[in-house]
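Walk through this protein from the inside outward. Keep the sequence at hand as you read.

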Amino acid sequence: MPSLADHLKPGTPKKILSLDGGGIRGALTLGYLKKIETIIREKYDQTLHEYFDLIGGTSTGAIIASALATGMPVDEIRDNYMKLGEVIFKYSSFIYKLFPSLPGIKSKFDHKGLEKKMGEFFGDITMGSPEIKTGLCIVAKRADTNSVWPITNHPEGQFFDSPQGRNKNILLRNAIRASTAAPTYFKPMVIDVGDGIIAPFIDGSLSMANNPALILLKVAALKGFPFKWPMGEDKLSIVSVGTGYSVYNKHIGEITKAWLTTWAKDIPDILMLDASWHNQTMLQWMSNSPTAKAIDMEMGDLSGDLICGKPLLKYLRYNFALTVKDLEELQLPGRQFNAKMLADLAEISHVQNKELLYQIGEKAAQTQVMASHFD
């Protein structure tokens, strides 16, 4: 069994697992991970934390990444995740239901349930604890400096144990809470990051890194970070798993007649979708990905458009389009879909969809995730 030191040291091909944010839609991610775990066990007799050298995630992806990095199998994570959703997506007060815009109400949901469950799952494990069995990166956003923080467990990191920061002492549950502190959904998370420096954090999805694959590549390869893994198709691979995505096809009247509150509701999702597709565009541009999708009508899937004339990594992206057509093609027993259901599925706090979302990920993985992808 590889040790943390084995995972972190250069010299062997390195494998990264990247998990998107998306609230309760992380259940869809788990459906994909179940298939990936099955393939890895059958081909290599390894668990996911043994196979991947760095596992990273944003928001709900940070929860799943942390559970995997501490050795939990997917089935156990799934069972815990389903219970977690019921607890964390409870309104902060009955007053919120009646007056969501009332001054003094700071968040839609009560953060205490999330914090309690993270404590039950991860106890007093810190970012420097040996219970984390592989490389781990939790992506959060430091609100007072507007900077993205990739919090890692690499012992040679600049902020791991130095006058600039003591990330090794950050409780894993607090790092996760920082990554999941989506404004309006949960209160910001305040963490002592070392030497008396108190920093407020909001959800890592409030950046270009709700899909964290590109920032994980930076963390793994750039000289400013401690990993310094060399790039090349035979040296570095990234498996990126999404939480499902919407496909916009609005009528002109929905745009021209939209109210201020309509735009306020839609803009975060629009920006996160753009950021995710930017991630995918750049990584497909760097690779000969067998899972490449068409980005748009001009770029296509970027096949033959390698950024440096040769692949810089191996890249796999698994995600599912939440459209009526794509959902109907899954042929889920007893399920029919319409536009209203799509909007319901897209909402990240609708915990009643957790089992359906898992089924969507599991069924989509049957055709998208191939054993040959992991040769």
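The text below takes up the nonpolar cores, then a buried asparagine, then the salt bridges and finally a histidine. The model is predicted.

Start with the nonpolar interior. The largest nonpolar core has 71 residues. Which of them have the most contacts inside this core? They are Leu-33, Ile-36, Leu-68 and Phe-374. Helix α2, residues 26-44, supplies the largest share of this core, with 8 residues. A second core is separate from it and has 23 residues. Ala-213, Phe-227, Leu-313 and Tyr-315 are included in this second core.

Now look at Leu-33. Leave aside residues up to four places away in sequence. Leu-33 then touches Leu-17, Leu-19, Leu-48, Ile-64 and Leu-68, as well as Val-74 and Val-241. One of these partners, Leu-68, is itself listed with Leu-33 among the residues with the most contacts in the largest core.

Next comes a polar residue. Asn-279 sits in helix α11, which spans residues 260-285. Is Asn-279 buried or exposed? Its relative accessible area is 2%, so Asn-279 counts as buried, the cut-off being under 20%. What does its side chain reach? One partner is the backbone oxygen of Met-208, at 3.2 Å. Another is the backbone oxygen of Asn-211, which lies 3.5 Å from a polar atom of the Asn-279 side chain. Beyond residues up to four places away in sequence, Asn-279 touches Met-208, Asn-211, Pro-212, Ala-213 and Leu-214. Ala-213 in that list also belongs to the second nonpolar core.

Turn to the charged side chains. Side chains of opposite charge can pair when their charged atoms come close. How many salt bridges does the model have? The count comes to 16. Three of these pairs are worth a look.

Take Asp-6 and Lys-9. They form a salt bridge, with the closest N and O atoms 3.6 Å apart. Asp-6 has 31% relative accessibility and counts as partly exposed. Lys-9 is partly exposed as well, with a relative accessible area of 45%.

Glu-37 and Lys-34 bring us back to helix α2. Both residues lie in this helix, 3 residues apart, about one turn. Their side chains meet in a salt bridge, at 3.8 Å from N to O. Glu-37 is buried, with a relative accessible area of 2%.

Then look at Arg-78 and Glu-355. Their side chains meet in a salt bridge at 2.6 Å, N to O. This pair links distant parts of the chain, 277 residues apart. Arg-78 is in helix α5, residues 74-88, and Glu-355 is in helix α14, residues 354-368. Arg-78 has 18% relative accessibility, so it counts as buried under the 20% cut-off. Glu-355, at 32%, counts as partly exposed.

Some salt bridges share partners. In this way Lys-34, Glu-37, Arg-41 and Asp-75 are joined into one network. The Glu-37 and Lys-34 bridge in helix α2 is one of its links.

End with a residue late in the chain. Where is His-373 found? His-373 lies in the segment after α14. His-373 is buried, with a relative accessible area of 10%. What surrounds it, neighbours within four places in sequence aside? His-373 is in contact with Pro-290, Thr-291, Lys-314, Leu-316, Tyr-318 and Gln-368.

Technical notes: Residues are numbered from 1 along each chain as its sequence is written. This is a predicted model: local features need pLDDT of at least 70, side-chain atom pairs count only at pLDDT 80 or more; totals for chains, interfaces and linings use all residues. Side-chain values use heavy atoms; hydrogens and water are left out. A nonpolar core is a set of buried Ala, Val, Leu, Ile, Met, Phe, Trp, Tyr and Cys residues joined through side-chain atoms within 4.5 Å. Buried means under 20% relative accessible area, exposed over 50%, partly exposed in between (1.4 Å probe, protein chains only). Helices (H or I, at least four residues) and strands (E, at least two) are DSSP runs, numbered from the N terminus. Contact means heavy atoms within 4.5 Å. A polar contact is a pair of N or O atoms within 3.5 Å; within protein, one must be able to donate a hydrogen and the other to accept it, and residues adjacent in sequence count only if both atoms are side-chain atoms. A salt bridge is a side-chain nitrogen of Lys or Arg within 4 Å of a carboxyl oxygen of Asp or Glu.
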